[in-house]
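This briefing is meant for someone meeting the structure for the first time. Please look over the sequence and the model before reading the notes.

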Amino acid sequence: MAENIRRVLVVKLSSIGDLLHALPAVRCLKAGLQAEIDWIVHPAYAELAGCFADVSRVLEFPRRASLLEFTRRLRALRLEQYDLVADLQGILKSALVARAVRSPRRIGPSFHREFSSFFYTETAGPRDKNRHAVFENMDLARCLGLPLLPPAYPVSAPLQLAGEPSPRVALLPLSRWQSKNWPLMSFARVARELQEARGASVYIMGAAGEQAACARIESALSGRVVNLAGQTSLPQMAGLLREMDLVIANDSGPMHLAAVMGAPVLALYGPSDPVRTGPPPGTRSRVLRGKLKCQPCFARTCRYGDVSCMQTITPESVVQVALEMLAGNLKSRHANSPAPGIN
């Protein structure tokens with residue numbers, strides 16, 4: 001019975017976007033059960049998971065390990081006792097982690113694969129991939145008979161900017177899939193036009209391995225440009241993105257992070273499907289898509305070798321939407337700001 005659930009372990013090991021897509025389901029668990037919720041995740045994302053307001057404790061499980069180390073880690077999990085384990089990853093590795101924990105109930109997601117269902121006591125619902133991943137994860141609350149709350153993303157992050165000039169525009173120009181990446185010089189061209197049209201301050205963000213690519217964009221710009229590639233932790237990046245007036249990004253984990261932090265996001269999509277993994281529902285986001293019949297192909301590398309679908313998104317179209325979003329977002333921010341002298 002749901003009323004007897006007091007300790008819950010969520011198994012969602014990776015990656016940034018997937019973790020964030022699980023937050024509304026965890027919000028339903030917290031509100032409906034009033035339970036203590038722990039989360040097990042790969043070490044690279046532990047610091048970010050520590051910012052999730054509904055999570056009491058973050059446990060780490062290695063992304064890669066020898067068979068001996070993997071077995072040792074699973075045995076260590078036997079020391080943990082929970083009333084419910086919710087695997088929201090749905091792969092063999094996450095199912096083995098869920099099975100290792102002592103719990104009378106192990107619920108897996110509808111989108112399970114790799115024979116992971118053999119390790120669950122039940123699954124959350126029927127498979128339906130024609131919806132956003134957020135709503136797939138919320139099958140868990142439905143399975144437990146809990147109220148389905150509107151999607152919410154309670155993430156706390158430290159304030160990073162104070163008194164920096166507006167409008168502030170962030171570029172997130174890279175993703176893990178080469179096929180998702182819009183051309184770097186297209187990002188640079190859009191940023192130049194926003195600088196000229198609105199006097200935008202441009203912030204370029206990325207991982208340490210993306211520094212050279214981000215530097216190419218920086219070198220093509222004048223005016224106020226801040227290149228932060230490789231210089232922020234995930235919580236620091238979240239704090240920065242929260243302060244942006246606009247974020248322009250490929251489909252990537254940081255794009256989803258920007259959206260859940262409340263930043264207005266203009267997301268560029270090619271091989272992936274925004275119906276399933278677009279900006280999280282309930283966020284201030286717009287999507288521009290490529291215009292080829294082969295979309296979405298879900299391929300990490302373009303079969304034609306030139307990422308044609310992303311190149312059909314023109315800088316002119318991005319500038320037009322970006323200017324519209326900036327005008328509306330700055331107007332909204334001004335309207336919601338307190339009058340001088342009023343706190």
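The notes below take up a helix, a single residue and a surface patch in turn.

The model is predicted, and the points that follow should be read with that in mind. They begin with helix H10, which is largely enclosed by the rest of the structure, and end with a positive patch on the surface.

**Helix H10**
- Helix H10 spans residues 253–260, and because 7 of its 8 residues are buried, the helix is largely enclosed by the rest of the structure.
- The buried residues of H10 are Gly253, Met255, His256, Leu257, Ala258, Ala259 and Val260.
- Just after H10 comes glycine 262, which takes a positive phi of about 95 degrees.

**Valine 26**
- Valine 26 belongs to helix H1, which covers residues 16–33, and it counts as buried because its relative accessibility is 2%, where the cut-off for buried is under 20%.
- When its neighbours within four places in sequence are left aside, valine 26 is in contact with Val10, Ile37, Trp39 and Asp54.
- Glutamine 160 lies 134 residues from valine 26 along the chain, and the C-alpha atoms of these two residues are separated by 27 Å.

**The positive surface patch**
- Four arginines, Arg63, Arg64, Arg176 and Arg300, form a positive surface patch.
- One of them, arginine 63, sits in the loop that runs between strand E3 (57–60) and helix H3 (67–77).
- Arginine 63 has a relative accessibility of 33%, and therefore counts as partly exposed, a class that lies between the limits of 20% and 50%.

Methods:
Residues numbered from 1 in each chain as written. Predicted model: local features only at pLDDT ≥ 70, side-chain atom pairs only at ≥ 80, totals over all residues. Heavy atoms only, no water. Patch = residues over 30% accessible without salt bridge, like charges linked within 9 Å, V, L, I, M, F, W, Y side chains within 5 Å. Areas by Shrake-Rupley, 256 points an atom, 1.4 Å probe, with all protein chains shown as cover. Salt bridge = Lys/Arg side-chain N within 4 Å of Asp/Glu carboxyl O. Lys, Arg positive; Asp, Glu negative; His and termini not counted. Charge placed at Lys NZ, Arg CZ, Asp CG, Glu CD. Helix = DSSP H or I, 4+ residues; strand = E, 2+ residues; numbered from the N terminus. Buried < 20%, exposed > 50% of the residue type's maximum accessible area, 1.4 Å probe, protein only. Contact = heavy atoms within 4.5 Å.
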